[in-house]
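Grab a coffee and work through a few short exercises on charged pairs, a helix face and some aromatic rings. Try each task before you read its solution.

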Amino acid sequence: MSPLVEENSGLQANGSYESTDATEDGIAEENGSVGTYQPTGVQGSVAIATKPSESKPAPKRLDEQLNIEGKVFLVTGGGQGLGLAMAEGLGEAGGIVYCLDWREEPHPDFFAAQKAIKSFPGKPSHGSLQYRHVDVRDTEGLERITSEIASLHKRIDGLVAAAAIQQVTPATQYTVKDICRMVDINFTGAFMSAAAVAKRMMEYHCKGSIVFVASMSGFVANKGLLSPVYNSSKAALIQLARNLAMEWGKHGIRVNSLCPGHVITPMVQANFKEDPGLQEKWEEESMLGRIAMPDEFKGPALYLCSPASSYMTGSAMIVDGGHTAW
């Protein structure tokens, strides 16, 4: 598939192209002289690139665009909840997935997901889930584990940074310790996880994708939920994705943020216990009248991690049931 049209490619109002000199590979010469035929009409809707790039377009076929078989991904916060659901989805799609989590031993949910991948109905998956114990605040641990995984496979193709905590507290009652703990995990931990993975991707010349699991809470204040530090940490991830996308694009590394709405996770279920009326309130705020389930984010995560999103970087994908669209 030819790269996308350049700004000064000679596209005419009728959809045709002016003729320009071209090399044997079809790359247009910079002198712009006339002579060699260029495609017109539908065939001419893509032009020839004049500047090499580490980034490459996706394959033409959709099944190839979504194919991640044999590719290696790390998912922080992948031991339970939303992170585990997205890790399971990548494994179902054929990815070799490492779930990084703070627990020394995996949660029972991890073993259930691991088993589900191997017994995937219809087409058996060649993917896998593996577990590694690390706290994202342990920078040396992150460096060691990412280095070991990259050395084993001679590649790392992406990261889903999903590790996060939440604290529901009125703003006037937060302590510096409360704030630092949440920012250390939600923001700094995600930053250092991305940096550790990006180093290995550059070392092994792997082009791929880094996904920060932010939140719609990075855009709006959630009614009835007093979590100013959590929301601010998610807004910071959205901006971090833009900056790293700018910095690492030249290496073929795309960086985006995924912004879920309310999702039924252990963290959210704890909120419902503290405030019995919160679930009904959130359901009313959704245009679909319900709260999302973790499995509904397998598709968005696969899209962002796969070549299907090859021209998407520095973006925030909001998947919130219309909550922020009112």
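**Exercise 1. Work out how Lys298 fits into a network of salt bridges.**

Start with the members: Glu88, Glu92, Asp295 and Lys298 are linked in this network. Keep in mind that we're looking at a predicted model.

Next, take one link. Lys298 and Asp295 meet through their side chains, with 3.8 Å from N to O. The cut-off for a salt bridge is 4 Å, so this pair makes the list at 3.8 Å.

Finally, check the surroundings. Lys298 has 16% relative accessibility and counts as buried, while Asp295, at 48%, is partly exposed.

As background, side chains of opposite charge can pair when their charged atoms come close. Searching the whole structure turns up 12 salt bridges.

**Exercise 2. Find which parts of the chain the Glu285–Lys223 salt bridge links.**

First, the contact itself: the closest N and O atoms of Glu285 and Lys223 are 3.6 Å apart.

Now place the two ends. Glu285 sits in helix α8, and Lys223 is in the loop between β5 (208–213) and α6 (228–248). That puts them 62 residues apart, so the pair links distant parts of the chain.

Then look at exposure. Glu285 is buried, with a relative accessible area of 17%, but Lys223 is exposed at 54%.

For another pair to try, go to Asp101 and Arg103: their closest N and O atoms are 3.0 Å apart. Asp101 is buried, at 6% relative accessible area.

**Exercise 3. Decide which residues of helix α7 are buried and how they are arranged.**

Begin with the list: within α7 (residues 266–274), the buried residues are Val268, Asn271 and Phe272. Look down the helix axis and these buried residues fall within an arc of 100°, so they line one face.

Turn the helix over. The face away from the buried side carries the exposed residues Lys273 and Glu274.

Last, ask what does the covering: α8 (278–285) is included in what covers the buried residues of α7.

**Exercise 4. Classify the Phe110–Tyr131 aromatic pair and place its two rings.**

The structure holds 4 aromatic pairs. In the one formed by Phe110 and Tyr131, the centres are 5.4 Å apart and the planes make an angle of 65°. Planes over 60 degrees apart count as edge-to-face, so that's the class for this pair.

Now for location: Phe110 is in helix α3 (residues 108–118) and Tyr131 in strand β3 (residues 128–133), so the pair ties together parts 21 residues apart in sequence. Both Phe110 and Tyr131 are buried. Add Phe111, and you have one aromatic cluster with Phe110 and Tyr131.

Technical notes:
Residues numbered from 1 in each chain as written. Predicted model: local features only at pLDDT ≥ 70, side-chain atom pairs only at ≥ 80, totals over all residues. Heavy atoms only, no water. Buried < 20%, exposed > 50% of the residue type's maximum accessible area, 1.4 Å probe, protein only. Helix = DSSP H or I, 4+ residues; strand = E, 2+ residues; numbered from the N terminus. Arc of directions from axis to C-beta. Contact = heavy atoms within 4.5 Å. Phe/Tyr/Trp six-rings, centres within 6.5 Å; stacked < 30°, edge-to-face > 60°.
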